[in-house]
Structures are given as C-alpha cells and as structure tokens.
Amino acid sequence: MVAAATRTAVRAEAPKNDLAFPFNWRPLLAGWNALFHNTATFEADPTKSATWNRGAYLVEGLGHCGACHAPRNALGAEKASAYLAGGFAEGWEAPPLTSLSRAPIPWSEDELFAYLRSGESRLHGVAAGPMAPVVKELAALPDQDIRAMAVYLASFNETAIDRPAQEALAARLENATFVRAIAASPAGARLYEGACAVCHAVGGAPLFGSRPSLALNSNLHSAMPDNLIQVILHGIASPVSSDLGYMPAFKDSMSDGQLAELVSYLRQQFAPDKPAWTGVQAAVGRARQGILR
C-alpha cells in the first residue's frame with residue numbers, strides 16, 4: 001500500500017555555474033593540468049624507513065597538507081620549490097612545517113604526534129581555525145599512521161632538539177614572563193590581565209581544560225599576527241575535544257583599537273626576541289570583515 005503524498009511537489013532547478021572569465025572556460029583547465037597537475041604514482045624511497053614512506057604517502061596524498069601549508073603561484077598552484085614552506089587558508093596562516101617554522105621551540109616528532117593525535121602540543125599550542133576539524137578527522141586513523149606522519153614531517157626540520165633541551169628552553173621562555181613587563185602598552189597590559197591571564201598566565205591551574213602557554217605559542221612568534229587576531233576575535237567554539245576547553249570570542253566585547261593594543265602587547269610580552277608587528281590595526285579590520293589575505 002502506497003501512502004498518499006502530503007506535500008505538493010515543487011520544481012527546483014540547480015543553479016547554473018556563474019564563474020567570471022577565464023574560470024568559466026573549462027578548456028583552460030586542461031592547460032593548467034598540463035602545467036601543474038602531477039599524475040605520477042607514489043613510489044617509496046628505498047633509502048628511507050617503511051614508517052617514513054607511509055608518512056610521505058599520507059601527507060603528500062590523502063592528507064594533502066601542502067594544499068594549505070605551501071605557498072602558491074599567481075595561477076593558484078603550489079610552489080614545488082617551497083614544499084610545506086607555509087601558506088594561507090581561510091584567513092589563517094598555515095605555518096611552515098619545515099625548518100622555516102618560527103616556533104620558539106622546534107617541532108619534534110613527539111610533539112607533532114601529540115598535536116595531530118590530540119589537538120594539543122604543550123610546547124606549541126592547540127589546534128584552532130581550519131586545523132581543528134582536520135585533527136578531528138584524524139581521530140579515525142590508528143596511532144601508527146599518526147606516528148608515520150609525524151616521522152615524515154619531523155624529517156623536514158633540521159633544527160630539532162632533544163627532549164631535555166626542549167624542556168630547558170620552555171622553562172627559560174616561561175620563567176622570563178614572570179619578570180618581564182612591557183610599560184609601552186599599559187592599555188594592552190590591562191586588557192591581558194582582564195581577558196587572558198586567568199586562563200593563560202604561566203603557573204596557574206587549568207580552569208576550563210587546557211592552559212596553553214603564550215610564551216611557547218607558535219602564533220605569538222609568527223611573522224604575521226593573523227592567527228592570533230583570528231583566535232581572539234572568534235575564540236575556539238569547536239575544539240578538537242572538550243577536554244581542551246573552549247575559548248570565548250572577543251569580537252563583540254573589544255573594539256578594533258583594543259584588539260590591536262592587546263595583540264601588540266602580547267607580541268612584545270611573550271615574543272620579545274621578535275620584531276614588533278606592523279599594520280596590526282589594518283589586520284584586525286581585515287579579519288573582522290572576513291577579508292582573506
């Protein structure tokens with residue numbers, strides 16, 4: 001017995017493609033593919049371990065990490081000569097995954113594994129922005145695949161140091177924040193104490209999950225303020241897991257001027273060996289309006 005329909009059918013046509021020239025001319029894609037599309041089959045490097053080759057297969061193929069973490073040329077293709085050298089995606093910086101990284105503590109295999117597995121590296125920070133859903137999806141992979149990716153990515157970092165050296169450097173960077181005070185930005189300092197210190201001050205107990213150290217946070221040491229601005233504006237409403245906690249957004253409670261003061265203060269206070277960022281106010285305005293770099 002067939003049930004009677006309860007709603008009148010409607011006619012709905014799929015919208016037609018509406019791309020500006022030259023993107024609406026499909027034959028051009030053949031030319032782009034001829035220039036940039038690599039159709040070669042992955043082949044293992046016999047000079048490397050099975051784990052390294054597994055990681056290469058996952059990172060270069062299924063993971064396509066270079067889609068975000070590599071710069072692109074004028075035609076939108078990844079620059080082969082700058083593999084994993086950093087790029088931009090959805091208004092966020094995808095930092096270099098090589099020795100070009102500006103992280104204060106070089107990424108190691110173990111920290112890469114921890115970050116890709118849990119969404120957090122104590123020596124670098126937590127996954128946010130477009131990276132958070134990536135780590136969520138990686139939860140379906142077994143530990144050995146995550147380890148393989150970490151082994152492969154770590155092989156591009158020539159500045160890696162051993163664990164004791166990492167801990168010593170982390171302690172030195174964090175301890176310095178207790179005695180350093182930036183008098184040049186009292187407004188930024190007040191904003192930090194009122195909005196950030198309760199969750200981020202070194203030495204405090206975790207209140208709502210993770211307690212990322214700003215002295216070690218890779219975003220504070222980047223050449224660009226974009227990621228720091230994005231996370232302050234929009235917070236972290238969907239962390240990789242609830243164990244990491246949530247960060248509130250400050251886009252509705254701080255003006256562009258206050259955000260610029262805070263961002264500039266954080267850079268000076270927690271990355272004093274790096275030059276002050278320029279154009280912070282303009283970067284805040286772009287991020288608030290959703291204008292992509």
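1. A good place to start is the second largest pocket: helices α1, α2 (50–62) and α3 (66–69) each give at least two residues to its lining. Helix α2 makes the largest contribution to that lining, with three residues. Please keep in mind while reading that this is a predicted model.

2. How much space does the second largest pocket hold? Its volume is about 780 Å³. The lining counts 23 residues, and those closest to the centre of the pocket are Phe36, Asn38, Glu60, Glu78 and Tyr83. By class, the lining of this pocket splits into eleven nonpolar, seven polar and five charged residues.

3. Glu78 deserves a second look, as it is among the residues closest to the centre of that pocket and also forms a salt bridge with arginine 72. The closest N and O atoms of this pair are 4.0 Å apart, right at the cut-off, since a salt bridge is counted within 4 Å. Both partners fall in the middle class of exposure: glutamate 78 is partly exposed at a relative accessible area of 37%, and arginine 72 is partly exposed at 39%.

4. For the overall frame, the chain contains twelve helices and four strands. Its C-alpha trace spans about 70 × 60 × 50 Å along the principal axes. Of its 293 residues, 39% count as buried.

5. On to the salt bridges in general. Side chains of opposite charge can pair when their charged atoms come close. The count for this model comes to eleven salt bridges. One of them joins arginine 11 to glutamate 13, with 3.2 Å between the closest N and O atoms; both of these residues are exposed.

6. The pair I would show a colleague is aspartate 143 with arginine 117, whose side chains meet in a salt bridge at 2.8 Å, N to O. Why does this pair tie together separate parts of the chain? Aspartate 143 belongs to helix α6 (residues 143–154) and arginine 117 to helix α4 (residues 109–118), so the bridge links parts that are 26 residues apart in sequence. Aspartate 143 is partly exposed, at 45% relative accessibility. Arginine 117 is also partly exposed, and its relative accessible area is 21%. That value sits just on the partly exposed side of the boundary, because buried means under 20%.

7. Salt bridges also join up into a network here, and its members are Glu111, Arg122, Arg163 and Glu167. It is worth displaying these four side chains together when you look at the model.

8. Now for enclosed space. Rolling a probe the size of a water molecule over the atoms shows where empty space is left. The structure has two cavities of 30 Å³ or more. The largest cavity holds about 80 Å³, and its lining is made of ten residues, with Gly91, Asp226, Arg286, Ala287 and Ile291 nearest the centre. Helices α10 (226–234) and α12 (280–289) are the elements that supply two or more of its lining residues. The lining of the largest cavity comprises five nonpolar, two polar and three charged residues.

9. What lines the second largest cavity? The residues are Pro96, Leu97, Thr98, Ser101, Trp107, Leu112, Leu153, Ala154 and Asn157. This cavity encloses about 60 Å³. Its lining has six nonpolar and three polar residues, with no charged ones, whereas three charged residues occur in the lining of the largest cavity.

10. At the surface, Phe21, Trp25 and Leu28 make up a nonpolar patch, and together they have about 370 Å² of accessible area. Leucine 28 sits in helix α1 (residues 27–36), one of the helices that contribute to the lining of the second largest pocket. Is leucine 28 buried or partly exposed? With a relative accessible area of 37%, leucine 28 is partly exposed; it therefore passes the patch cut-off of over 30%.

11. A last residue to look at is alanine 171, which lies in helix α7 (residues 163–179). Its relative accessibility of 32% makes alanine 171 partly exposed. Where the chain comes back past this residue, the C-alpha atom of leucine 216 is 9.6 Å from that of alanine 171, with their positions 45 residues apart along the chain.

Conventions. Residues are numbered from 1 along each chain as its sequence is written. Side-chain values use heavy atoms; hydrogens and water are left out. Patches are made of residues with over 30% relative accessible area and no salt bridge: like charges are joined within 9 Å, nonpolar side chains (Val, Leu, Ile, Met, Phe, Trp, Tyr) within 5 Å. Accessible areas come from the Shrake-Rupley method with a 1.4 Å probe; for residues, only the protein chains shown count as cover. Buried means under 20% relative accessible area, exposed over 50%, partly exposed in between (1.4 Å probe, protein chains only). On a 1 Å grid over the protein atoms alone, a cavity is a set of points where a 1.4 Å probe fits but cannot get out, and a pocket is an open set with protein on both sides within 12 Å along at least five of seven lines; lining residues have an atom within 4 Å of a point. Grid points are joined across faces, edges and corners, and a volume is the space filled by probe spheres set on the points. Ala, Val, Leu, Ile, Met, Phe, Trp, Tyr, Cys and Pro count as nonpolar, Asp, Glu, Lys and Arg as charged, and the others, Gly among them, as polar.
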